[in-house]
Amino acid sequence: MRILITGATGFVGGHLVVHCLAEGDEIHALVLPSGDRPLPTEVATYPRPLMDADAMTALVEEVRPEVLIHLAGHASVAQSFGRPALTWEVNTWGTLSILEALRRSDSAARALIVTSGEIYGRVPVSELPVDVGTPLEPLSPYAASKAAADLMAGQYAENFELDLIRVRPFNQIGPRQDERFVVSSIAKQIAEAEAAGEQQVALTVGNTATRRDLTDVRDT
């Protein structure tokens, strides 16, 4: 299939590209105009500004994807508190650009709009597991921006009959994850201690009472 991926150089996107190439898909990737991580040579790359709806429309019309997977965005909950405006801009306006591109180009592509399980907020144990009917109660700028993007995608699907699927992944772990995230941070601390020959190490961690479901990125 001919697939257009935004966020292809990110943690999830990088694994997705490898998987799709192994499946024999034709991959086109949106990358940052200012430069980005390298992708396999088989991938066609397009340095275009995500928040520019005109640029995204032109890209969709040029590539004519059968499938569009929208992964691009700011992914750190902690950093979203320090840069809330940028988080909102990338996660909501970026998604709006993609939705407008699909609408304007009259694309028949099936689009996967990836948001986050964070949009549910702090759900009581008695109300688990969550489902699509669980109320959205985001607790961070990141989660709120993803909730807005999720609702926006639902509105566009309803109003403009776009073929959209919204997914809300929960915590993901795996190779090449940024050390800002808990499992990769702990793994790095242990690896550094082992490399230094230390027999004991005091790990720096966050709230150890928090409970999370973790999914390997390759399963996602």
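1. A nonpolar surface patch, as the term is used here, joins nonpolar side chains that lie within 5 Å of one another, belong to residues with over 30% relative accessible area, and take no part in a salt bridge. In this predicted model, such a patch is made by Ile190, Val201, Leu203 and Val205, and its area is about 290 Å². One of its members, Ile190, is placed in helix H6, which spans residues 182-195. Ile190 counts as partly exposed because its relative accessibility is 35%, and partly exposed residues are those between the 20% limit for buried and the 50% limit for exposed.

2. Turning to the overall fold, the protein chain contains six helices and eight strands, and read from the N terminus these elements follow the order β-α-β-β-α-β-α-α-β-α-β-β-α-β. The chain is as compact as a globular protein of its length, because its radius of gyration is 18 Å and the globule rule gives 17 Å for 220 residues. Taken along the principal axes, the C-alpha atoms fill a box of roughly 60 × 45 × 30 Å.

3. As to packing and surface, buried residues account for 40% of the 220 residues in the chain. Among the contacts with a separation of 6 or more, 66% are made by residues that stand 24 or more positions apart. The chain exposes about 12500 Å², and 52% of that area is supplied by carbon and sulfur atoms.

4. The count of salt bridges comes to 11, and one of them joins Glu62 to Arg48, with the closest N and O atoms 3.2 Å apart. This pair links distant parts of the chain, given that Glu62 belongs to helix H2 (residues 53-63), that Arg48 sits in the loop between strand E3 (44-47) and H2, and that 14 residues separate the two. Glu62 counts as partly exposed because its relative accessibility is 46%, and Arg48, at 23%, also falls in the partly exposed class.

5. A further salt bridge is formed by the side chains of Asp163 and Arg110, at 3.1 Å from N to O. Here too distant parts of the chain are linked: Asp163 lies in the loop between helix H5 (141-160) and strand E6 (164-167), Arg110 lies in strand E5 (residues 110-114), and the partners are 53 residues apart. With 32% relative accessibility, Asp163 is classed as partly exposed, and Arg110 is likewise partly exposed, with a relative accessible area of 43%.

6. Helix H6, already mentioned for Ile190, also carries the salt bridge between Glu192 and Lys188, whose side chains meet at 3.9 Å from N to O. These two residues are separated by about one helical turn because they are four residues apart in H6. Glu192 is partly exposed, its relative accessible area being 47%, and Lys188 counts as partly exposed at 33% relative accessibility.

7. Finally, the salt bridges are not confined to isolated pairs, since a network of them links Asp54, Glu100, Arg103 and Arg104. A colleague going through the model might therefore look at this group of four residues together, as salt bridges connect them in a network, and a side-chain nitrogen of Lys or Arg within 4 Å of a carboxyl oxygen of Asp or Glu is what counts as such a bridge.

Conventions. Residues numbered from 1 in each chain as written. Predicted model: local features only at pLDDT ≥ 70, side-chain atom pairs only at ≥ 80, totals over all residues. Heavy atoms only, no water. Patch = residues over 30% accessible without salt bridge, like charges linked within 9 Å, V, L, I, M, F, W, Y side chains within 5 Å. Areas by Shrake-Rupley, 256 points an atom, 1.4 Å probe, with all protein chains shown as cover. Buried < 20%, exposed > 50% of the residue type's maximum accessible area, 1.4 Å probe, protein only. Rg over C-alpha atoms; globule rule 2.2 N^0.38 Å. Contact = heavy atoms within 4.5 Å.
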